[in-house]
Amino acid sequence: QERLGSGYVYSSSFASPETAQKEALGFYQGSGREKLEPRHIQMRVGYHPRIWSHNCVAIGLAGSFIEPLESTSIFMSEFQLFQLVRNFPGRKLEPILSSQYNRKVEECYLEVRDFVLMHYILSKRRDTPFWVEATNPARTPPSLAEKLAQITPGTLKKSFFTNSGTEANETAVALGYQKKREVGVSAQEVQAILPEIIAPAPIS
């Protein structure tokens, strides 16, 4: 392999491009790559309120972007295509189809946003101004606060949050799908409140 690709994600509210570049290149100290000239790419975070408008549909990054670390755009592209097939018009374009599609995609985007934001809100880091702000409870949207409240019983002192779907599945299997004092919630209860977006799509 002749080419090494790497990236450094930062908030412009807490670091200048020069500061971020200096810190990023510091990881290459002594490797001969510390003199490289990185490309600075600005991210536009958000989504179009009307992803399907008339005869145009913005799929994937053309319609929304959250952040690059979780690579959620791959999932969003698949979800949008699945919903597009379900709502695809015939010879006549019915406005209700695009309205349903836009509503479903918006709901999905907000669910994914909450999932990504949860990683920051629940972090124990407070070592930089960025992390102090990122973990501020006031930044928690009501939708995420409600989800956390649903899966966190009032008598529970500690919650166990897994890092991936694999960990979650293995933990559920290990617990035998039964309530345990250490976790305080059964797999069935978790499944009841999980968003529709993670339900497996039918494959023909």
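These notebook entries record what I looked up in a predicted model.

**Entry 1: the nonpolar cores**

I began with the interior. In soluble globular proteins, nonpolar side chains tend to be buried together. The largest nonpolar core here has 14 residues. Within this core, M76, Y101 and V112 have the most contacts. I then asked which helices each supply at least two residues of this core. They include α2, which spans 72–86, and α3, which spans 95–121. Helix α3 gives the most, with seven residues.

I next looked up the surroundings of Y101. Leaving out residues up to four places away in sequence, Y101 touches I51, W52, V57, I59, Q80, Q83, L84 and N87. I also noted a second, separate core of five residues, among them L117, M118, I121 and L148.

**Entry 2: the aromatic pairs**

I turned to the aromatic rings. A pair of aromatic rings is described by the distance of the centres and the angle of the planes. I recorded a count of eight aromatic pairs. One of them is formed by Y120 and F130. The centres of these two rings are 6.4 Å apart, with 80° between the planes, and the pair is edge-to-face. Y120 belongs to helix α3 and F130 to helix α4, which covers residues 129–134; the two residues are 10 apart, and the pair links distant parts of the chain.

Are Y120 and F130 buried or exposed? I found that Y120 is partly exposed, at 22% relative accessibility. F130 is also partly exposed, with a relative accessible area of 27%.

Why does the pair of Y120 and W131 count as stacked? The ring centres lie 5.7 Å apart and the planes meet at 20°; planes under 30 degrees apart count as stacked, which is why this pair does. Because Y120 lies in helix α3 and W131 in helix α4, this pair ties together parts 11 residues apart in sequence. W131 has a relative accessible area of 15%, and because buried means under 20%, W131 is buried.

I closed this entry with the cluster: ring pairs link F14, Y120, F130 and W131.

**Entry 3: a patch on the surface**

Finally, I looked at the outside of the model. Which residues make a nonpolar surface patch there? The patch is made by V9, M43, V45 and L69, and its area is about 370 Å². I followed M43 further. M43 sits in the loop between α1 (17–26) and β1 (46–47). Its relative accessible area is 40%, so I entered M43 as partly exposed.

Notes. Residues numbered from 1 in each chain as written. Predicted model: local features only at pLDDT ≥ 70, side-chain atom pairs only at ≥ 80, totals over all residues. Heavy atoms only, no water. Patch = residues over 30% accessible without salt bridge, like charges linked within 9 Å, V, L, I, M, F, W, Y side chains within 5 Å. Areas by Shrake-Rupley, 256 points an atom, 1.4 Å probe, with all protein chains shown as cover. Salt bridge = Lys/Arg side-chain N within 4 Å of Asp/Glu carboxyl O. Helix = DSSP H or I, 4+ residues; strand = E, 2+ residues; numbered from the N terminus. Buried < 20%, exposed > 50% of the residue type's maximum accessible area, 1.4 Å probe, protein only. Core = buried A, V, L, I, M, F, W, Y, C linked by side-chain atoms within 4.5 Å. Contact = heavy atoms within 4.5 Å. Phe/Tyr/Trp six-rings, centres within 6.5 Å; stacked < 30°, edge-to-face > 60°.
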